[in-house]
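The exercises below are meant to be worked with the sequence and the coordinates open side by side. Try each task before reading its solution.

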Amino acid sequence: MKDFVLIGASGFVGSAILNEALSRGHRVTAIVRNPEKITVKSDLLTVVKGDATEPDVLKETAKGKDAIVSAYNPGWGNPNMYNETLENYPKIVEGAKRSGVNRLLIVGGAGTLFVKPGVRLVDTDVLPEAWLPGVKSLGEFYLNILSKEKDIDWVFFSPAGNLGNMGPGIRTGKYRLGKDDMLFDENGNSFISVEDYAVAMIDELEKETHHQERFTAAY
């Protein structure tokens, strides 16, 4: 059993990670600004009201834990999403380092995955304009800040090109892993349900396979 802090537990991805972790017997401390948004009840779950982007808050909440899993997202409808991502994610990294917790697992984006040699997804014209502030800021954080971080054992877990938005979510427990190249199936689709993304994240939490690197998962 792992005992870890989860940031963003009330969100789309964070709630799937929370459910998967609890179903597998892990102990979770969810740090959220609005505890009422967490409706799951479990003896394994502790909900803490707080702002995880404040380094000292995260430091105190995570002290003594096995890991921190961050599904932080300022909100896709947030007009200041680009700036808040670039401002707040380094604060989460700093808080994690101050806590003494060695493992930091981050829900990454697919934007910096290569769709063909030398071309990242974010460099194509396939992404909706409304997504670009979030995609670009998370990508810049990974490429310019996180990838240079040597003082904590981080991972940046990029989902497939489509995450749980091509139909009802299904948990199969099966997926393929990759590194920096987007994974496609035999029909040219890059997809994983948010439930199976959560499976892969908790598998990584348990097995600790990747270290100071990015990886991805898809069907």
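**Exercise 1.** Which residue is the bridge partner of Ile-7 in β4? Place the answer in the setting of strand β1.

*Solution.* The model is a predicted one, and its local features are read only where pLDDT is at least 70.

Step 1. The bridge partner of Ile-7 in β4 is Ser-70, and this pair belongs to a parallel arrangement in which β1 and strand β4 (residues 67-70) are joined by four bridges.

Step 2. β1 also pairs with strand β2 (residues 27-32), again in the parallel sense and over five bridges, and there Asp-3 has Arg-27 as its bridge partner. Between these two strands the chain passes through helix α1 (residues 12-23), and the resulting β-α-β crossover is right-handed.

Step 3. Turning to burial, five of the five residues of β1 (residues 3-7) are buried. Asp-3, Val-5 and Ile-7 lie on one side and Phe-4 and Leu-6 on the other, and both faces are covered.

**Exercise 2.** What is the order of the strands in the open sheet of eight strands, and which strands stand at its edges?

*Solution.* Step 1. Reading across the open sheet of eight strands gives the order β3-β2-β1-β4-β5-β8-β12-β10, and the pairing is mixed.

Step 2. The edge positions are taken by β3 (45-49) and β10 (176-178); each has a single partner strand, so one side of each is left without a neighbour in the sheet.

Step 3. Direction ignored, neighbouring strands of this sheet are turned by 25° against each other on average.

Step 4. The antiparallel sense appears where β10 pairs with strand β12 (residues 213-218) over three bridges, and within β12 the bridge partner of Arg-176 is Ala-218.

**Exercise 3.** Is strand β8 enclosed or open to its surroundings? Work through its burial and then its pairing on each side.

*Solution.* Step 1. The cut-off needed here is that a buried residue has under 20% relative accessible area. Strand β8 (residues 153-158) has six of its six residues buried, and therefore it is largely enclosed by the rest of the structure.

Step 2. The burial holds for both directions in which the residues point: Asp-153, Val-155 and Phe-157 go one way, Trp-154, Phe-156 and Ser-158 go the other, and all are buried.

Step 3. Strand β5 (residues 103-107) runs parallel to β8 and is joined to it by five bridges, with Leu-105 standing opposite Val-155.

Step 4. β8 also pairs with β12 in the parallel sense, over four bridges, and in this pairing Ser-158 stands opposite Thr-216.

**Exercise 4.** Which residues line the largest cavity, and which element supplies the largest share of that lining?

*Solution.* Step 1. The structure holds one cavity of 30 Å³ or more, and the volume of the largest cavity is about 30 Å³.

Step 2. Its lining consists of Gly-109, Gly-111, Thr-112, Val-135, Leu-138, Gly-139 and Phe-156, which divide by class into three nonpolar, four polar and no charged residues.

Step 3. The largest share, three residues, comes from α4. Gly-134 is also found in helix α4; its relative accessible area is 5%, so Gly-134 counts as buried. Although Gly-134 and Thr-85 are 49 residues apart in sequence, their C-alpha atoms are 7.5 Å apart in space.

**Exercise 5.** What is the volume of the largest pocket, and which element gives the most to its lining?

*Solution.* Step 1. The largest pocket has a volume of about 1200 Å³. It is lined by 45 residues, of which Ala-71, Tyr-72, Asn-73, Trp-76 and Met-81 are the closest to its centre.

Step 2. At least two lining residues come from each of α1, β2, α3 (81-99), α4 (132-145) and β9 (162-163), and α3 gives the most, with four residues.

Step 3. Sorted by class, the pocket lining has 23 nonpolar, 18 polar and four charged residues.

**Exercise 6.** Is Phe-191 buried or exposed?

*Solution.* Step 1. Phe-191 has its place in strand β11 (residues 191-192). Its relative accessible area is 18%, and therefore Phe-191 is classed as buried.

Step 2. Phe-191 and Pro-159, 32 residues apart in sequence, are 8.0 Å apart in space from C-alpha to C-alpha.

Note on methods: Residues numbered from 1 in each chain as written. Predicted model: local features only at pLDDT ≥ 70, side-chain atom pairs only at ≥ 80, totals over all residues. Heavy atoms only, no water. Buried < 20%, exposed > 50% of the residue type's maximum accessible area, 1.4 Å probe, protein only. Pairing = 2+ DSSP bridges. Right-handed = clockwise from strand over helix to strand, strands pointing away. 1 Å grid on protein atoms, 1.4 Å probe; cavity = no way out; pocket = protein on both sides within 12 Å on 5 of 7 lines; lining within 4 Å. Points joined across faces, edges and corners; volume = space filled by probe spheres on them. Nonpolar A, V, L, I, M, F, W, Y, C, P; charged D, E, K, R; others polar. Axes fitted to C-alpha atoms, helices over the stretch in contact; angles between N-to-C directions.
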